Amino acid sequence: MYQYTQEQLDSMKKVEASRQERLSNLHARMTADEKDAVLKQFHPDYIESAYETLKVGPNKGEKVLHELADLLQGKSRIETSKIDLSKPDYDVDVLVIGGGGAGSSAAVTAHANGANVMIVTKLRIGDANSMMAEGGIQAADKPNDSPAQHYLDAFGGGHFAAKPCLLEKLVKEAPDAIRWLSDLGVMFDKTATGEMVTTHGGGTSRKRMHACKDYSGAEIMRTLRDEVLNRGIPVVDFTAAIEIIKDVEGKAAGAVLQNMETGEILIAKAKTVVIATGGAGRLHYQGFPTSNHYGATADGLVLAYRAGASLLYADTLQYHPTGAAEPTQIYGALVTEKVRSLGAQLVNKNGEAFVYSLETRDVTASTIIRECKGRGNGVKTTDGEGVWLDTPMIDIIGGEGTIEKRIPAMMRMFGKYGIDIRKEPILIYPTLHYQNGGIDIEADGQTTKIENLYVAGEAVGGIHGRNRLMGNSLLDIIVFGRNAGKYASEKCKTVEVKELTLSHVDAFNKELSDAGVDTGKVSPQLLPNYKRQDL
Ligand code: MEZ
């Protein structure tokens, strides 16, 4: 059971005391200038010392975080001279790398299109950030809403940096993505008359968040996994892709695989390849805790980069405003934005609300960091500092039972430690949540630089610009997963794979040595580095 410190208890009393006043007086929204100012001063993306300039590869000259630079410019796991490409262990039409929501959607769609498709995943199918998404999935499918409205919200929220053709696809295909998931069996929250229940997220001008309580990702992933298995799509699990294979014409043509347990090397030949490897939270950029699953180590970015693909906005990350700050056992775990959608406010140690609850994520996270590091208004926690998320407001606003019904996973997560979120506020601090940037693709999902190499899900860069709105990630894994599956399976009908080669890996190694770069890292990293550093 969690024991609050005396300082925390004293501060909690102030939160309780200010609750009535805060219920009737919502914090004002910030102006554009105020947002810019807090971002520049407190958002981790603006900490210059956390970045370095890439010395090799397609994005040479651009800055990325040190941890990512080390991997993008790392050494390959293979010695190419020892790899025999002449007798592939697998020969398929479409090779999907990654067993999360994007990979599964791609595989199901390619299979439905008649392709011989195989999924390879370094853990198990469903071990993915998709599974851990909580609050919901956006789609403009109500009469007062439209894809155009959705576009404007997401474009503004992403600082007008989204690649227009990608964002347009995302919002236009959203209603159909919801229908597809419903038809596959996803149990979305509905009213007694069968209408979808929808709520706001940060930065949305309409209520368009569809949810399955607060385990939306788990429900969506459950359904996709069932569909993959029901279709009999082969899933090679505990096997990582460690290099992209090309053919002598420079087109993607498969991957070098490695069994995670035995270390055995396997060769998969394919007419088209889909990278759906997810995010990078387990790299713990800038020392942040993370809401991500165990395998989120930016592998797809490394594979694609070494093969010659460009990255877009690889310098921008999302720090979800509300990661659990206490108890230490769940430090960094996601506290869904839906908690704020339902009425909970962010409150400092003096019981003062300091930000409108549903500003966009980058702005909200920055105000929390400002409260703690800039204004001395944070509450001390086991691992650092945090602010309060005043959860009891939810039942006061929505009626008794709202928390239990709408966010049961949150109730259970804190309940394990004796914290009843219906009665007590919880301590939170930003947690590393999402990779805004990734591999640069065209609207058909194909990389801008490498033919027959497709990308879907969190490994893509540019769909959301430099900040993503809540619920647009569960949406993009479906829209761009299906998109990649569709175009990759269509393309493979006309592909004739030429002789396989890994010469691009040798060329990259030469570029590294010519530039005198030795980061001391082998990549892709595949698993987080949790070895005790003092041993
Ligand atoms: O889109 C997300 O990241 C999401 C739904 C997270 C959440 O707060 O629940």
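Two bridges link strand β6 to strand β7 (residues 209-210), and the two strands run antiparallel. Strands here are DSSP runs of E with at least two residues, helices are runs of H or I with at least four, and both are numbered from the N terminus. Two strands count as paired if DSSP finds at least two bridges between them. Within the β6 and β7 pair, Thr198 has His210 in β7 as its bridge partner. Both strands belong to an open sheet of three strands, ordered β5-β7-β6, with antiparallel pairing. Because β5 (137-138) and β6 (198-199) stand at the edges with a single partner strand each, one side of each is left without a neighbour in the sheet.

The structure is a predicted model, in which local features need pLDDT of at least 70 and side-chain atom pairs count only at pLDDT 80 or more, while totals for chains, interfaces and linings use all residues. Residues are numbered from 1 along each chain as its sequence is written, and side-chain values use heavy atoms, with hydrogens and water left out.

A parallel arrangement is found around strand β3 (residues 90-97). This strand pairs with strand β11 (residues 265-275) in the parallel sense over seven bridges, and Val94 has Thr272 in β11 as its bridge partner. Strand β3 also pairs in the parallel sense with strand β4 (residues 117-120), over four bridges; here Val96 is matched with Ile119 of β4. Together, β3, helix α4 (residues 101-112) and β4 make a right-handed β-α-β unit. Right-handed means that, with the strands pointing away from the viewer, the path from the first strand over the helix to the second runs clockwise. Six of the eight residues of β3 are buried, that is, under 20% relative accessible area (exposed is over 50%, partly exposed lies in between; 1.4 Å probe, protein chains only).

Next comes the protein interior. A nonpolar core is a set of buried Ala, Val, Leu, Ile, Met, Phe, Trp, Tyr and Cys residues joined through side-chain atoms within 4.5 Å. The largest such core has 144 residues, of which Leu95, Ile97 and Val335 touch the most other members. Helix α16 (residues 472-491) gives the largest share of this core, eight residues. The core lies between domain 1 (6-30 + 319-432) and domain 2 (76-316 + 436-501), because both give residues to it. Domain bounds come from an automatic or database domain assignment. The C-alpha centres of the two domains lie 31 Å apart, and 26 residues of domain 1 are in contact (heavy atoms within 4.5 Å) with 29 residues of domain 2.

Leaving aside neighbours within four places in sequence, Ile97 is in contact with residues including Val120, Ala241, Val273, Ile275 and Leu303. Leu303 is itself one of the buried residues of helix α10. This helix (residues 299-307) is mostly covered, with nine of its nine residues buried, and is followed by Gly308, whose phi is positive, near 110°.

Thr322 offers a second close-up. This residue lies in strand β13 (residues 317-324) and is buried, with a relative accessible area of 0%. The side chain of Thr322 reaches the backbone oxygen of Val335 at 2.5 Å. Not counting residues up to four places away in sequence, Thr322 also touches others, among them Leu334, Arg340, Leu389 and Tyr429.

Notes: A polar contact is a pair of N or O atoms within 3.5 Å; within protein, one must be able to donate a hydrogen and the other to accept it, and residues adjacent in sequence count only if both atoms are side-chain atoms.
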